[in-house]
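Okay, thanks for squeezing me in. I've got one structure to walk you through, so let me put it up on the screen.

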Amino acid sequence: MPIKVDEESCIGCGVCQSLCPDVFEIGADMKAHVKDGADENAPCVDEAISSCPTGSISK
Ligand code: SF4
């Protein structure tokens with residue numbers, strides 16, 4: 001399953017990017033995005049999902 005970020009609820013806090021910088025980046029829109037070619041099975045993805053304060057990441 002591809003990782004999805006709910007751009008409605010994402011507050012751009014940067015926690016996902018800090019925990020998993022190879023997968024997530026904060027865009028110019030101050031929302032998290034999944035990077036092109038990111039390893040969606042990287043272990044840090046699960047950490048980002050559980051650490052996102054708004055529950056905006058799913059897979
Ligand atoms: Fe958005 Fe959640 Fe990432 Fe924060 S941790 S930037 S709220 S997706």
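So, let's start with the empty space: the largest cavity comes out at a volume of about 80 Å³. Lining that cavity are 14 residues, and closest to its centre you'll find Cys10, Cys13, Cys16, Ala32 and Cys52. Bear in mind that this is a predicted model. Searching the whole structure turns up one cavity of 30 Å³ or more. As for the chemistry of the lining, ten of its residues are nonpolar, four are polar and no charged ones appear.

Now, where does the ligand sit? In that largest cavity. Around the ligand there are 13 residues, with Cys10, Cys13, Cys16, Cys52 and Thr54 the closest. That shell splits into ten nonpolar and three polar residues, with no charged ones.

Let me stay with Cys16 for a moment. Leaving out residues up to four places away in sequence, Cys16 touches Pro21, Phe24, Ala32, Ala48 and Ile57. And which residues have the most contacts inside the largest nonpolar core? That core has 14 residues, and the answer is Ile3, Val5, Cys16, Val23, Phe24, Val45 and Ile57. So Cys16 turns up among the residues closest to the ligand and in that core list too.

Key:
Residues numbered from 1 in each chain as written. Predicted model: local features only at pLDDT ≥ 70, side-chain atom pairs only at ≥ 80, totals over all residues. Heavy atoms only, no water. Near = heavy atom within 4 Å. 1 Å grid on protein atoms, 1.4 Å probe; cavity = no way out; pocket = protein on both sides within 12 Å on 5 of 7 lines; lining within 4 Å. Sits in = over half its atoms within 2 Å of the grid points. Nonpolar A, V, L, I, M, F, W, Y, C, P; charged D, E, K, R; others polar. Core = buried A, V, L, I, M, F, W, Y, C linked by side-chain atoms within 4.5 Å. Buried < 20%, exposed > 50% of the residue type's maximum accessible area, 1.4 Å probe, protein only. Contact = heavy atoms within 4.5 Å. Points joined across faces, edges and corners; volume = space filled by probe spheres on them.
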